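Work through the exercises below with the sequence and the coordinates side by side, and try each task before reading its solution.

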Amino acid sequence: MKSCESFVSPKSDYYVYSPSRNAHSMFFYPLYTGHFIYENGYHLYRDSYDSFLLMYIQNGSLTLEFEGKTMHIPSNRFVLLDCYKPHSYYSDSGWESIWLHFDGPTARAFYDSVVSHLGLSFTLTDPCPSLYRLTAIYDFFHEGKVIQEALISKYITDILTGFLIYSPLETGTAHDANVSEKIVSYINEHFAEDLYIEELAALAGMSPYHFIRVFKRGTGFTPHEYIVNIRLNTAKYLLKNTSLSVKSICFQSGFSRESIFCSAFKKKLGMTPAQYRSSDSV
């Protein structure tokens, strides 16, 4: 469909999609996608527009106002915006972009994670993979292809996952994420051994206090909570899939004493290890 908005070139086009019930419940899904050439003087303000907006600035620049902040966005940058909240963008020089309004059951969690990692607007060293998928979604509609909701959902997932694993060296947030991932890998390999906060902090090159804060910000758990969780998950697997005694499982899972193991297990699952083994719980 050709755009009839003021200050949008008639060469621009956009497409509207109504996702299926299955898409609503299990997929990322597109709502609107388009390729716009915004002319000098374009200005949009919305209180709310129930979706998330992903935009790639191909040429020109715009100004974005969101949550009390004003940002100048030049070309070759992505914008990821929570349109459920009041927002405004405009330009006195104009810009060209390909864009997608999308949503899905996990859209907000992905949005929050990406924005905390990269901010609302960001560049990538190699934008081509994300831009290729964004363009491919637009092309589904522009070229009249059969809409494959699962494939489009995969493209959106690939884009957002790519944003999450991108680690610009200049950001402290990305460095913190790398630290968390490094220590999580170490814990996963050594959880059955004695692990101390001071040792993990030294591996991260941080003071214990700072390390605990960084680790929790990156994983949602303190180091102690994460270690206990992986030990309990190991114990659950061994209880259900082996005939090892509870005492043997206690030590193989990394607990120092059977009483500590049983107490932690009951606190977390509401039953003793023996009760769990004979239950239908998984």
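The exercises that follow concern a predicted model, and each task is followed by a worked solution.

**Exercise 1. The largest nonpolar core**

Task: Determine which residues touch the most other members of the largest nonpolar core, and which helix or strand supplies the largest share of this core.

Solution: Begin with the membership, which comes to 51 residues, and rank the members by the other members they touch; Met 55, Tyr 89, Phe 102 and Phe 163 touch the most. Next, assign the members to elements: β2, β4, β5, β7, β9, α2, α3 and α4 each supply at least two residues. The largest share, seven residues, comes from α3. Finally, take Phe 102 as an example: once residues up to four places away in sequence are left out, the residues it touches include Phe 28, Pro 30, Phe 52, Leu 80, Ile 156 and Leu 160. A second, separate core has 16 residues, among them Val 179, Leu 195, Phe 215 and Ile 227.

**Exercise 2. The helix α3**

Task: Check whether the length of α3 agrees with its number of residues, and then find what covers its buried residues.

Solution: At 1.5 Å a residue, the 15 residues of α3 should span 21 Å, and because its end C-alpha atoms are 20 Å apart, the two values agree. The buried residues of α3, those under 20% relative accessible area, include Leu 131, Leu 134, Ile 137, Tyr 138 and Phe 141, and Asp 139 is also one of them. Their cover includes β1, β2, β4, β7, β9 and α4. After α3 comes Gly 144, which has a positive phi, near 70°.

**Exercise 3. Tyr 32**

Task: Decide whether Tyr 32 counts as buried, partly exposed or exposed, and locate its contacts.

Solution: Tyr 32 lies in strand β2. Its relative accessibility is 26%, and therefore Tyr 32 counts as partly exposed. Apart from neighbours within four places in sequence, Tyr 32 is in contact with Tyr 15, Val 16, Tyr 49, Trp 99, Leu 100 and His 101. Between Tyr 32 and Tyr 138 there are 9.1 Å in space, C-alpha to C-alpha, although the two are 106 residues apart in sequence.

**Exercise 4. The second largest pocket**

Task: Describe the space in the second largest pocket and the residues of its lining.

Solution: The space in this pocket is about 300 Å³. Of its 14 lining residues, Leu 195, His 224, Ile 227, Val 228 and Arg 231 are the closest to its centre. By element, α6, α8 and α10 each supply at least two residues of the lining, and the largest share, four residues, comes from α8. By type, the lining divides into nine nonpolar, three polar and two charged residues.

Key: Residues numbered from 1 in each chain as written. Predicted model: local features only at pLDDT ≥ 70, side-chain atom pairs only at ≥ 80, totals over all residues. Heavy atoms only, no water. Core = buried A, V, L, I, M, F, W, Y, C linked by side-chain atoms within 4.5 Å. Buried < 20%, exposed > 50% of the residue type's maximum accessible area, 1.4 Å probe, protein only. Contact = heavy atoms within 4.5 Å. 1 Å grid on protein atoms, 1.4 Å probe; cavity = no way out; pocket = protein on both sides within 12 Å on 5 of 7 lines; lining within 4 Å. Points joined across faces, edges and corners; volume = space filled by probe spheres on them. Nonpolar A, V, L, I, M, F, W, Y, C, P; charged D, E, K, R; others polar. Expected span 1.5 Å × (residues − 1).
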